[in-house]
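Q: I have a sequence and a 3D structure open in front of me. Can you walk me through how to read them?

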Amino acid sequence: SKILPKETYVEHIGSSAVPGLRGKGLIDILVGTSKNKIKKIKTALEKEGYEFRPKAGNKNRLFFIRDYVSKGKIRRAHIHLVSYLSKEWLGPIAVRDYLRKSREEVRKYEEVKRRAVKIAKGNGKKYREAKDNYLKRLTERALRKI
């Protein structure tokens with residue numbers, strides 16, 4: 001079913017969007033729309049089985065998860081719902097595009113992620129916190145390259 005209204009933009013982001021970057025086997029999708037459509041899309045996503053996780057996002061980035069089966073395996077999708085052309089939209093796309101062009105930065109990011117996994121021991125919040133400073137600096141560099 002079509003759940004996203006017109007003038008909604010969708011981008012594949014995260015590790016699985018960067019060839020050669022190891023990830024956790026999930027897919028991150030960035031959905032950008034006008035601020036006045038966010039509440040409507042949030043409701044539509046929830047009706048379609050996407051679980052809203054308020055603590056995993058913030059007031060400018062609503063976060064949802066949904067498991068699905070692909071090729072006989074359970075996979076997870078993360079949806080990041082943001083205001084189109086906001087920093088929450090531009091930052092992840094800039095990082096993705098920057099990583100696609102820099103093997104050296106991909107290696108650095110993989111090391112940061114490995115350390116974060118060890119520190120977090122399965123705790124998603126600790127995992128994100130362990131990557132946070134690096135990701136902020138990476139995002140600033142990537143945005144300067146646009």
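We'll take the sheet, then the helices, then the cores.

Q: Before we dig in, what kind of model is this?
A: It's a predicted model.

Q: Okay, the sheet. How many strands does it have, and in what order do they sit?
A: To read a sheet, follow the strands from neighbour to neighbour across it. Here you'll find 5 strands in an open sheet, with the order 1-2-5-4-3 and mixed pairing. Strand 1 (9-13) and strand 3 (51-52) are the edge strands, each pairing on one side only.

Q: Which strands pair in the parallel sense, and over how many bridges?
A: Look at strand 2 and strand 5: they pair in the parallel sense over 8 bridges. One spot to find is Ile29, which stands opposite Ile79 in strand 5.

Q: And what about the antiparallel neighbours?
A: Let's go through them pair by pair. Strand 1 and strand 2 run antiparallel and are joined by 5 bridges; there, Ile13 has Asp28 of strand 2 as its bridge partner. Strand 4 (residues 61-70) and strand 5 (residues 73-83) also run antiparallel, with 10 bridges joining them. Within that pair, Phe64 is partnered by Ile79 of strand 5, and Leu62 by Leu81 of strand 5. Finally, strand 3 pairs with strand 4 in the antiparallel sense over 2 bridges, where Phe52 has Phe64 of strand 4 as its bridge partner.

Q: How many residues lie between the strands in the hairpin of strand 4 and strand 5?
A: There are 2 residues between those strands, and in this hairpin Lys71 takes a positive phi near 55°.

Q: Why can I say that strand 2 is largely enclosed by the rest of the structure?
A: Count the buried residues along the strand. In strand 2, 7 of the 8 residues are buried, so the rest of the structure largely encloses it.

Q: Let me try a single residue. Is His80 buried or exposed?
A: The idea is to compare the relative accessible area with a cut-off: buried means under 20%. His80, found in strand 5, has a relative accessible area of 10%, so it's buried. You can also look at what surrounds it: setting aside neighbours within four places in sequence, His80 is in contact with Ile13, Asp28, Ile29, Leu30, Val31, Arg61, Leu62 and Phe63.

Q: Now the helices. Which strands does helix 1 lie across?
A: Helix 1 (residues 38-47) lies across strand 2 (26-33), strand 3, strand 4 and strand 5, and it runs at about 165° to strand 5. Helix 2 packs on the sheet too, where it touches strand 1, strand 2, strand 4 and strand 5. The direction of helix 2 makes about 40° with that of strand 1.

Q: How do I describe two helices that pack on each other?
A: You give the angle between their axes and the distance between the axes. Take helix 3 and helix 4: they pack at an angle of about 160°, and their axes are 7 Å apart. Over 145 degrees counts as roughly antiparallel, so helix 3 and helix 4 are roughly antiparallel to each other. Their crossing is right-handed. Residues making the contact include Tyr109 and Val112 of helix 3, and Tyr134 and Leu138 of helix 4.

Q: How does helix 2 cross helix 3?
A: Their axes come within 5 Å and cross at roughly 115°, so helix 2 is roughly perpendicular to helix 3. Tyr98, Leu99 and Lys101 of helix 2 meet Arg103, Glu105, Val106 and Tyr109 of helix 3 in this contact.

Q: And helix 2 with helix 4?
A: Those axes come within 8 Å, crossing at roughly 80°, which makes helix 2 roughly perpendicular to helix 4. Among the residues in contact are Ala94 and Val95 of helix 2, and Leu138 and Ala142 of helix 4.

Q: Last one: which residues belong to the largest nonpolar core?
A: Look for buried nonpolar residues whose side chains join up. The largest nonpolar core has 12 residues in all, including Val18, Leu21, Leu99, Val106 and Tyr134. Helix 2 (87-101), helix 3 (103-120) and helix 4 (124-144) each supply at least two of its residues, and the largest share, 4 residues, comes from helix 2. Apart from this core lies another one of 10 residues, among them Val31, Leu62, Phe64 and Ile79.

Methods: Residues numbered from 1 in each chain as written. Predicted model: local features only at pLDDT ≥ 70, side-chain atom pairs only at ≥ 80, totals over all residues. Heavy atoms only, no water. Core = buried A, V, L, I, M, F, W, Y, C linked by side-chain atoms within 4.5 Å. Buried < 20%, exposed > 50% of the residue type's maximum accessible area, 1.4 Å probe, protein only. Pairing = 2+ DSSP bridges. Contact = heavy atoms within 4.5 Å. Axes fitted to C-alpha atoms, helices over the stretch in contact; angles between N-to-C directions. Parallel < 35°, antiparallel > 145°, perpendicular 65-115°, else oblique. Left-handed = near helix turned anticlockwise from the far one by under 90°.
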